[in-house]
Amino acid sequence: MKRTMKAAQITKYSKQIKAQVNTIEIPDIADHEVLVKVKAAAVNPLEMLIMTGSVKFIQDYNFPLTIGNELAGVIENVGKNVHGFQVGDDIYTRLPLNKIGAFAEYVAVDAGAIAHMPKNLSYAEASAVALTGLTAYQGLHEELEAKSGQSVFIPGGSGSFGQIAVPIAKDMGLQVIVSGNAQTRERTLQIGADRYLDYTKENYVDVLSQIDYVIDTLGAEEFDNELQIMKPGGRLLSLRTGPNKRFAEDQGFPWWKQKLFGAVGAKFDKKAKQKDIEYRFIFVRSDGTQLKKITGIVEKNDIVPLLHPQSFTLNDINKALELVANGRPKGKVIIQF
């Protein structure tokens with residue numbers, strides 16, 4: 001008889017942010033996969049995009065779908081082609097986009113997507129690092145191709161993204177400027193930011209100019225302001241504003257999707273081009289090799305992500321989703337197993 005587990009699932013895309021906890025079979029692993037007993041999983045705004053079908057043109061799913069994108073846990077079984085990992089290892093991961101399912105007691109995951117957990121973090125803390133860490137790493141290295149000595153501004157960078165983006169940017173030799181609220185000023189300067197703007201006291205548009213790169217965490221309404229402070233030839237990367245034609249080309253999407261994304265992003269591309277700036281959009285992918293480098297940065301700088309004080313179990317999944325969707329969490333929201 002097959003062993004079973006509990007998993008949070010949806011049966012269709014819906015504007016209603018609601019998942020059901022079902023009992024399903026523990027997955028079998030392929031030769032290149034490991035079976036992970038999940039200890040903690042983080043809840044991200046990405047869950048809402050997936051559940052509502054907002055990203056179905058980027059990644060469409062079959063149902064029922066077990067949701068959840070990042071986790072930390074212990075390896076319980078190893079496929080015969082897997083090297084470098086063994087039963088009992090503590091690992092963390094941003095799951096491959098085409099095979100998510102972190103909100104479950106077990107998950108089968110490609111060994112190429114996992115890395116050993118940073119030694120300075122608990123399971124809950126580690127589960128909060130992979131997605132933002134990879135977003136920052138891929139954003140800075142691949143999308144911006146940032147070089148040492150150049151400047152990067154992260155508006156709204158005092159939250160969970162900035163916590164890991166700032167040390168990664170500093171590790172690359174960048175000058176890092178962040179805007180955010182007064183409460184997170186000290187913490188952000190401590191992890192390496194060169195300059196911190198309290199948005200309640202000063203508007204970055206009035207005080208910044210000639211910035212090489214901007215990583216936007218705020219969305220479309222800030223687009224014009226961000227372009228204003230940039231150097232010609234710079235790059236603006238958004239985590240929020242939306243995809244464009246370049247994104248579709250980079251993802252190798254078929255021509256009709258490239259046309260569609262081209263139309264969606266046209267107004268942003270046009271505005272950026274007028275200022276001689278390149279607009280980029282990122283949708284982060286899993287990558288165990290990059291995660292290993294992030295582990296090194298996390299351990300070296302003793303980075304500990306901020307967690308929301310209330311912890312949730314799988315049975316509270318809808319409360320946790322609701323908090324991330326509409327509440328004001330004081331850090332990453334974690335499901336503990």
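Which residues line the second largest cavity? I opened my notebook with that one, and I kept in mind that this is a predicted model.

**Entry 1: the second largest cavity**

I found Gly157, Ser158, Gly159, Gly162, Gln163, Arg187, Thr188 and Ile191 along the lining of the second largest cavity. I then looked up which elements supply two or more residues to this lining, and they are α4 and α5 (185–190). Sorting the lining by character gave me 1 nonpolar, 6 polar and 1 charged residue. For the volume of this second largest cavity I noted about 30 Å³.

**Entry 2: the largest cavity**

How many cavities of 30 Å³ or more does a search of the whole structure find? I got 2. The largest cavity holds about 40 Å³ of space. I wrote down its lining as Ala128, Val129, Thr132, Ser160, Gln163, Ile164 and Pro305. Gln163 caught my eye, since this residue belongs to the lining of the largest cavity and also to that of the second largest. Helix α4 (residues 160–171) contributes the most to the lining of the largest cavity, with 3 residues. By character, I counted 4 nonpolar and 3 polar residues in that lining, and no charged ones.

**Entry 3: aromatic pairs**

Next I turned to the rings, and I found 10 aromatic pairs in the structure. I picked one of them for a closer look: phenylalanine 153 with tyrosine 204, a tilted pair. Their ring centres are 4.9 Å apart, and I noted 50° between the planes. The label makes sense to me because an angle that is neither under 30 degrees nor over 60 counts as tilted.

Why does this pair tie together parts that are 51 residues apart in sequence? Phenylalanine 153 sits in strand β9 (residues 151–155) and tyrosine 204 in helix α6 (residues 204–207), so the contact links those two parts. Are phenylalanine 153 and tyrosine 204 buried or exposed? I checked, and both are buried.

I also came across an aromatic cluster made up of Phe247, Phe253, Phe261 and Phe281.

**Entry 4: charges over rings**

Phe253, from that cluster, turned up again here. The charged end of lysine 257 sits over the ring of phenylalanine 253, and I noted 4.7 Å from the ring centre. I found another such arrangement at tyrosine 106, where the charged end of arginine 3 sits over the ring, 5.4 Å from its centre.

Notes: Residues are numbered from 1 along each chain as its sequence is written. This is a predicted model: local features need pLDDT of at least 70, side-chain atom pairs count only at pLDDT 80 or more; totals for chains, interfaces and linings use all residues. Side-chain values use heavy atoms; hydrogens and water are left out. Rings of Phe, Tyr and Trp (its six-membered ring) pair if their centres lie within 6.5 Å; planes under 30 degrees apart count as stacked, over 60 as edge-to-face and the rest as tilted. Helices (H or I, at least four residues) and strands (E, at least two) are DSSP runs, numbered from the N terminus. Buried means under 20% relative accessible area, exposed over 50%, partly exposed in between (1.4 Å probe, protein chains only). A charge sits over a ring if NZ of Lys or CZ of Arg is within 6 Å of the ring centre and within 35 degrees of the ring normal. On a 1 Å grid over the protein atoms alone, a cavity is a set of points where a 1.4 Å probe fits but cannot get out, and a pocket is an open set with protein on both sides within 12 Å along at least five of seven lines; lining residues have an atom within 4 Å of a point. Grid points are joined across faces, edges and corners, and a volume is the space filled by probe spheres set on the points. Ala, Val, Leu, Ile, Met, Phe, Trp, Tyr, Cys and Pro count as nonpolar, Asp, Glu, Lys and Arg as charged, and the others, Gly among them, as polar.
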